[in-house]
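Let us learn to read a two-chain model from its overall numbers. The learner asks, and the teacher answers.

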Amino acid sequence: MERFDVLIIGAGVTGAMIARNLAKYDVKVALLDKENDVGNLTSNANSAIIHSGYDPLPGTNKAKFNVLGNKMFDEICEDLDVNFYRVGSLTVALYDEQLPLLKELAERSKQNGVEVKLLSAEEVKKMEPNINPNVKGALFAPTAGIVDVFNFVVHAVENAVDNGVKLFLNEEVTSIVKEGEYYKVKTQKEEFYSKVVINAAGCYADKIASMVEPIDWKITPRKGEYFVLDHYKEGLVNHVIFPLPSEKGKGILVTMTTSGNYLVGPSSELTDEKDDYRTDPPTLKNVRAQASEMVPSIPFNQVIRVFAGNRPTCTRHDFVIEYSKKDKNFINVGGIESPGFVSSPAIGEYVVEQLVKPILSMKEKANYNPKVRKYHRLYNEMREDNYKFSNEHLNYSEIICNCEKVTLGEILDVLSRSNPPHSVKALKRRTRAGFGKCQGGFCQPRVVLILAKYYGVSPLEINYDGEFSPILLEKIKGGR
Amino acid sequence: MRTVDLLVIGGGSAGMAAAIQAKKEGINDILIVERDENLGGILNQCIHNGFGLTEFKEELSGPEYLARFVSQVEELKIPYMTSSMVIDMTREKIVTISSKKEGVFKIKAKAIVMATGCYERGAGAIQIPGDRCSGIITAGTAQKYLNIHGYLCGKRVVILGSGDIGLIMARRLTLEGAKVICVSEIMPYSNGLNRNIAQCLNDYNIPLYLSRSVSKVIGKDRLEKVILSAVDEKMQFIPGTEMEIECDTLILSVGLIPYISLLDYIDCPTSSTKGAKVNEHMETMIEGIFSAGNCLHVHDVVDFVTDEGRLAGHGAAEYLKGEFKRGEKIVVTPKDGISYVVPQEINKDNEEDVTFKFRVRKPVKDVNLIIESNGELVAKMFKPVLIPSEMVMVKLSKDKLANVDKEVSLRLEER
Ligand SMILES: Cc1cc2nc3c(=O)[nH]c(=O)nc-3n(C[C@H](O)[C@H](O)[C@H](O)COP(=O)(O)OP(=O)(O)OC[C@H]3O[C@@H](n4cnc5c(N)ncnc54)[C@H](O)[C@@H]3O)c2cc1C
Ligand SMILES: Cc1cc2nc3c(=O)[nH]c(=O)nc-3n(C[C@H](O)[C@H](O)[C@H](O)COP(=O)(O)OP(=O)(O)OC[C@H]3O[C@@H](n4cnc5c(N)ncnc54)[C@H](O)[C@@H]3O)c2cc1C
């Protein structure tokens with residue numbers, strides 16, 4: 001029975017960044033997730049904005065980690081080979097009575113140490129020709145950015161695994177008891193033993209925390225529904241466009257994504273079910289109406305998908321990052337709602353340096369490598385040097401996904417990595433195969449066959465997402 | 001840089017017909033680029049009968065139909081590249097090809113025929129309410145799994161949308177032992193051909209529900225049930241009409257859309273077909289770039305695709321030989337009751353008859369089709385029945401066209 005020094009429950013962005021920070025040290029780390037892939041829940045369905053930090057109330061964990069985290073993204077994304085662009089954000093006032101609120105936000109930014117600028121209506125219109133012409137002004141935050149959230153988590157875990165962390169998928173933690181020096185963490189399949197346990201279970205963090213002691217906080221997911229638009233002509237918006245925030249959140253935004261799509265959303269309603277990812281027409285209609293108020297010309301006929309994500313909203317209204325009351329060897333990192341993604345590098349560093357280090361003796365590894373193996377893409381803004389690579393590696397000129405121009409070489413590359421995809425969805429997240437306008441209509445059969453061949457199984461065993469979500473049900477008589 | 005006189009993008013029915021026609025008219029330097037392993041396009045997976053009635057006066061299967069064109073391509077020694085996809089294109093007709101065997105390279109063409117076919121609208125595009133589970137698949141993809149790879153994607157199936165592919169899949173799945181519970185169509189009429197409703201649904205006692213759609217999909221991992229609700233005239237669900245159906249698969253046959261990303265890159269104007277805007281030679285608004293088949297407008301009968309491909313091939317040949325006459329432009333517009341017309345523009349000096357292809361907005365009976373120019377009647381035709389699922393073709397002779405100036409429009413008139 002393998003015993004671990006640290007076991008992390010949850011391989012969302014929070015768990016991933018904690019794991020990556022721990023991987024610098026000579027400790028034995030296990031990273032567990034109940035899903036069939038890392039980053040499959042909240043970290044997979046959000047706005048992907050690297051917020052500047054103008055909005056959280058000064059003095060909160062949210063303000064602190066957001067501002068720190070934002071500054072860390074350039075280097076991490078370089079090391080992890082993840083697309084990240086500091087495009088800047090505009091928080092727009094559409095009515096005169098909103099202008100004082102903009103000033104208040106500017107003041108808050110100053111207290112948080114975030115660089116912002118108040119813009120006049122004319123200045124906003126120049127920067128965003130498609131904005132509602134009645135715009136009254138905006139708060140410009142140049143340090144806000146957009147990131148490829150899928151590969152951020154995937155590559156962070158890959159890098160952690162390359163540096164010695166052990167990843168266990170499809171392991172749902174069902175109970176935690178302390179036995180002597182170790183915690184016994186039971187899943188539906190097996191038992192793990194670890195000195196330190198870190199709870200980074202997202203919307204389920206209250207459930208996990210309650211397995212060791214009664215807690216005074218609770219997570220009620222708040223659902224956000226979105227539209228994804230196809231690669232539409234450039235310049236629908238040039239920055240992340242926010243309305244003014246309210247107590248329900250930062251409001252419905254319009255932004256481009258790192259892959260040149262546009263994202264419109266999210267809504268914000270409480271839901272009682274932690275795994276409710278349903279979308280519904282009235283909510284989406286409302287999202288559409290609100291977004292159109294800011295940017296009237298959004299081409300909703302270019303929608304290729306709708307989706308929902310659940311914010312792990314906590315009764316404390318702030319991130320819970322602390323030792324459990326009973327025992328320092330159990331650490332809660334819960335209630336990580338927005339701005340949780342941007343905060344994750346700072347949270348990961350804090351948890352390891354400030355919470356784990358004092359309770360576990362750890363030495364830095366000599367051979368720690370912060371970088372992942374370089375990813376090659378044929379279709380990366382059509383750069384000529386990519387062609388050269390493709391011509392030297394012909395796999396990279398055999399296109400599997402027509403819409404996103406994903407090649408066989410890219411698919412075989414991600415399959416050969418230390419955090420490989422096991423499902424069609426996991427492959428899509430990594431390579432974008434099936435993410436385009438036909439949504440896998442053309443490439444899904446090819447992808448299923450490639451996965452089956454690679455893993456040496458029948459195509460009947462290839463799942464769309466979780467372990468029990470096959471795509472094909474039966475082989476026909478006479479079929480190949 | 002490599003060069004070619006005529007580059008045909010897409011080796012389906014339209015592309016092959018265009019290349020064959022151009023070759024017959026004396027164009028020798030041709031290249032067909034096809035992203036699949038074989039020529040033939042969508043017909044490779046259409047193993048049912050019903051192709052070629054107009055072209056060959058025979059009823060052929062899809063693969064039989066396409067084989068006749070592949071052998072002509074071979075006989076005429078028209079060069080083609082398979083497993084090769086055009087990934088970029090400029091207005092100057094410099095095209096980037098990514099090829100399994102030859103890598104990525106550029107080629108400059110003098111003329112291009114775009115024949116890239118169409119794609120299916122899926123769950124995302126129609127924003128199906130409810131869970132995100134596996135077991136929701138488009139009809140064409142299900143057809144490919146079954147007919148090309150030999151796998152059944154479902155055993156208890158509901159089909160949403162009564163387009164032809166959905167109807168054909170209803171029969172095909174039933175024959176393979178799956179239970180097709182029903183076909184549900186949001187419109188008050190079917191979008192499939194009548195012969196397909198008779199042969200694919202009625203013959204197998206599969207019910208077709210009209211004015212009904214999926215109001216919710218339910219399933220944790222794999223689909224478990226769908227809720228079908230009736231819709232009112234505004235396509236809103238009517239509460240209290242829910243039907244809960246246990247099934248493992250929802251097949252979507254909810255529309256095909258011309259696949260024209262390449263034309264989008266070069267800002268090529270489009271029409272209400274969602275394909276390129278073209279003149280009577282199937283030339284887009286960018287000189288020397290032609291378009292035909294499902295990427296121009298979605299067809300239901302392949303014989304007409306072949307015909308349109310030939311028209312584009314002929315146009316490209318004339319263009320390359322410098323025999324192309326460009327006169328004053330006549331704008332063609334669809335009016336009352338008509339959703340689109342191809343072509344959208346005619347050259348006044350055109351020396352050939354012009355065929356208008358159009359679809360009606362909703363099923364109609366006993367109407368007159370009126371062709372007018374500047375308020376004056378050009379032609380009037382009685383039509384006993386017109387339905388949106390069948391493309392209509394009307395020919396206007398060059399003599400009649402001589403009377404037309406600047407604009408011409410088509411509309412329906414009740415009698
Ligand atoms: C609509 C929306 C918009 C957002 N927009 C932004 C934004 O623009 N910028 C930003 O910075 N943040 C944003 N956020 C917040 C951000 O997405 C989250 O803060 C972040 O993803 C949380 O990561 P996490 O790792 O804590 O949780 P998760 O990603 O949910 O990860 C938790 C993991 O724990 C696993 N788990 C749970 N229970 C168990 C168990 N019993 N056993 C094993 N594993 C378990 C889960 O499977 C899951 O993978 C947004 C969130 C939402 C919902
Ligand atoms: C499922 C189905 C059933 C049908 N049933 C009937 C029937 O019973 N009877 C009948 O008469 N008609 C039927 N039809 C209609 C008719 O067969 C089709 O409309 C016709 O085959 C379309 O031909 P096409 O050349 O326009 O498109 P396709 O056959 O789709 O060919 C387009 C080709 O272009 C290639 N391509 C696309 N983009 C690129 C690129 N960038 N680079 C290189 N290559 C590219 C594609 O791989 C494809 O091979 C059916 C159609 C479908 C879809």
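Q: How many of the residues of chain A count as buried?
A: This is a predicted model. A residue is buried when its relative accessible area is under 20%. In chain A, 63% of the 480 residues count as buried. In chain B, the figure is 59% of 415 residues.

Q: What is the accessible surface of chain A, and what part belongs to carbon and sulfur atoms?
A: Chain A has about 18,900 Å² of accessible surface, with 51% from carbon and sulfur atoms. For chain B, the surface is about 16,600 Å², and carbon and sulfur atoms hold 48%.

Q: What does the radius of gyration say about chain A?
A: Set it against the value for a compact globule. For 480 residues that value is near 23 Å; chain A has 22 Å, so the two agree. Chain B has 415 residues, and its 22 Å agrees with the globule value near 22 Å.

Q: What do the C-alpha atoms span along the principal axes in chain A?
A: They fill a box of roughly 65 × 60 × 45 Å. The C-alpha trace of chain B spans about 65 × 60 × 40 Å.

Q: How many helices and strands does chain A have?
A: Chain A has 12 helices and 23 strands. Chain B has 9 helices and 28 strands.

Q: How do I read contacts by sequence separation?
A: Take contacts between residues 6 or more positions apart. Then ask what share joins residues 24 or more apart. In chain A that share is 73%. In chain B, 63% of such contacts join residues at least 24 apart.

Q: Which domains are assigned in chain A?
A: Look for domains written in several segments. Domain 1 of chain A takes 1-84, 147-218 and 315-374. Domain 2 takes 85-146 and 220-311, and domain 3 is 384-461. The C-alpha centres of domains 1 and 3 of chain A lie 29 Å apart. Their contact takes 17 residues from domain 1 and 12 residues from domain 3.

Q: Into which domains is chain B divided?
A: Domain 1 of chain B joins 1-120 and 256-324. Domain 2 is 122-254, and domain 3 is 327-415. In chain B, the C-alpha centres of domains 2 and 3 lie 35 Å apart. The contact there takes 5 residues from domain 2 and 7 residues from domain 3.

Q: How far apart are the mean positions of the positive and negative charges in chain A?
A: Count each sign, then compare the two centres. Chain A has 61 positive and 62 negative charges, with mean positions 1 Å apart. Chain B has 51 positive and 56 negative side chains, and the centres of these sets lie 2 Å apart.

Conventions:
Residues are numbered from 1 along each chain as its sequence is written. Chains are lettered from A and ligands numbered from 1 in the order in which they are written. This is a predicted model: local features need pLDDT of at least 70, side-chain atom pairs count only at pLDDT 80 or more; totals for chains, interfaces and linings use all residues. Side-chain values use heavy atoms; hydrogens and water are left out. Helices (H or I, at least four residues) and strands (E, at least two) are DSSP runs, numbered from the N terminus. The radius of gyration is taken over C-alpha atoms; the globule rule is 2.2 Å times the number of residues to the power 0.38. Buried means under 20% relative accessible area, exposed over 50%, partly exposed in between (1.4 Å probe, protein chains only). Contact means heavy atoms within 4.5 Å. Accessible areas come from the Shrake-Rupley method with a 1.4 Å probe; for residues, only the protein chains shown count as cover. Lys and Arg count as positive and Asp and Glu as negative; His and the chain ends are not counted. The place of a charge is taken as NZ of Lys, CZ of Arg, CG of Asp or CD of Glu. Domain bounds come from an automatic or database domain assignment.
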